[in-house]
Amino acid sequence: MRLVVQVKPLPTPEQAAALEATLHTVNRAATLVARIAHQQRCFRNFDLRKHAYARIKAEFGLAAQAAQHVIKKVADAYRTLHANLAVGNLGKPGSRRRRAAETRPIVFRSRAAQPYDDRCLSWQHATRTVSIWTVAGRLKAVAFTGSARQLALLAEHRRGESDLIWREGAWYLYATVEVPDRPVAAPDGFAGVDLGIANIATTSDGIRHSGKHLNALRHRHRELRRRLQAKKTKSAKRLLKRRRRKEARLAAQVDHAIAKQIVTEAERTGRGIALEDLGGIRERVRLRKPQRVTLHSWSFHQLGAFITSKAARAGVAVIFVKAAYTSQECSACHHIDKRNRPDQATFSCTSCGFAEHADVNAARTIASRGETGWAVSHAA
């Protein structure tokens, strides 16, 4: 299983200046390569080298391996762009946003991340330093730090490339590690998890993780951003910049805590975890304008990814089931009717009379679908 480890380099001022100059140079080179790729309609890594490799080496003074990584970064960016276009993430054909994405070459930020392989970056775990290539020459003995768990994973299981990232005045190195897969135990039933906005997650055991605090905080941050953007003063812009990731960090912290509780309980009871497949829900759902902001700030994908990742490390089975009508289906008799759910919190079956909190009922329906889906997929 692949994980990403984050460590924090501690460069001297001279080393930091060299790292910053490197990011500026490689991203200017990447923007040039992206323009060449767009003009030539050539997006494959190997083919793009024929058009751009010699030019960026000569114009920007890049080392051979760094030039290769710049070209690969551009090819990966276009692959992601084309994948998003194919699934409609950038709007419908003919829309302004999609047309802009299709007709303009990709432009890289001056401090966008840069990948490094073992030829350009080497780790010295005993002294906790790295040696890294820059446009000013190779920097040796650049100190780094991190949590004990992250450093242990890095020393024992690191594989592949590392990314140099500058974010909010600090430097980071993201390294890929491969930890041994833990065998998935045969589940003794499933715990269903209903993801929502009023309640971030509700389990089939009746445990509800309320989203009231997080939703109120998001509303407060949204109003604060609106007021600061309306002011348009330098101090307002500085405050916006300082707070720009605060809401995302809080949401990630809450999702991590919820995912850990769900996976820990499933591991303790020997069950698997059943989740709804909510892919494309933002495109399918039609809401009034005031509700759209709330829907688009809903981090269901992040929470699902956290649960899946933690479950894989714990050997807990995870299965995704169809989300259609889980809120309208009775978990007791499986009768589906829109009238079963008269409001957000209430579920009352019109067929058998079963009554329960709506989110708990949906979670039990998801658990039932998970057991059926697992039995079918593992029938052989």
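1. Helix 5 (residues 148–157) lies across strand 1 (2–9), strand 3, strand 5, strand 6 (158–167) and strand 7 (170–178), and runs at about 115° to strand 1. Contact here means heavy atoms within 4.5 Å, and the angle, on a scale from 0 to 180 degrees between N-to-C directions, is taken between axes that are lines fitted to C-alpha atoms, for helices over the stretch in contact. Helices (H or I, at least four residues) and strands (E, at least two) are DSSP runs, numbered from the N terminus.

2. This is a predicted model, in which local features need pLDDT of at least 70 and side-chain atom pairs count only at pLDDT 80 or more, while totals for chains, interfaces and linings use all residues. Residues are numbered from 1 along each chain as its sequence is written, and side-chain values use heavy atoms, with hydrogens and water left out.

3. The protein chain has twelve helices and 14 strands, and its C-alpha atoms fill a box of roughly 75 × 50 × 45 Å along the principal axes. Of its 380 residues, 41% count as buried, where buried means under 20% relative accessible area, exposed over 50% and partly exposed in between, with a 1.4 Å probe and protein chains only. Among the contacts in the chain with a separation of 6 or more, 63% come from residues 24 or more positions apart.

4. An open sheet is formed by seven strands in the order 2-6-7-1-5-4-3, with antiparallel pairing; two strands pair if DSSP finds at least two bridges between them. Its edge strands are strand 2 (114–116) and strand 3 (121–124), each of which pairs on one side only. From one strand to the next, the twist averages 35°.

5. Within this sheet, strand 1 pairs with strand 7 over six bridges in the antiparallel sense, and leucine 3 stands opposite valine 177 in strand 7. Strand 1 also pairs with strand 5, again antiparallel, over two bridges, and lysine 8 stands opposite threonine 145 of strand 5. The side chains of strand 1 alternate: Leu3, Val5, Val7 and Pro9 point to one face and are buried, whereas Arg2, Val4, Gln6 and Lys8 point to the other and are not.

6. Strand 4 (residues 129–134) and strand 5 (residues 137–145) are joined by five bridges in the antiparallel sense, and valine 130 has valine 142 of strand 5 as its bridge partner. Both valines recur in the lining of the second largest cavity, together with Pro9, Leu19, Ile132, Leu164 and Leu173.

7. Two cavities of 30 Å³ or more are found in a search of the whole structure, and the second largest has a volume of about 30 Å³. A cavity is a set of points, on a 1 Å grid over the protein atoms alone, where a 1.4 Å probe fits but cannot get out, and lining residues have an atom within 4 Å of a point. The lining of the second largest cavity divides into seven nonpolar residues, no polar and no charged.

8. Strand 9 (residues 199–203) is largely enclosed by the rest of the structure, because five of its five residues are buried. Strand 8 (residues 190–195) pairs with strand 9 in the antiparallel sense over three bridges, forming a hairpin with three residues between the two strands. Three bridges also join strand 9 to the antiparallel strand 10 (residues 208–210), in a hairpin with four residues between them, where glycine 206 in the turn has a positive phi of about 95°. Alanine 201 stands opposite leucine 195 and also opposite histidine 209 in strand 10.

Note on methods: On a 1 Å grid over the protein atoms alone, a cavity is a set of points where a 1.4 Å probe fits but cannot get out, and a pocket is an open set with protein on both sides within 12 Å along at least five of seven lines; lining residues have an atom within 4 Å of a point. Grid points are joined across faces, edges and corners, and a volume is the space filled by probe spheres set on the points. Ala, Val, Leu, Ile, Met, Phe, Trp, Tyr, Cys and Pro count as nonpolar, Asp, Glu, Lys and Arg as charged, and the others, Gly among them, as polar.
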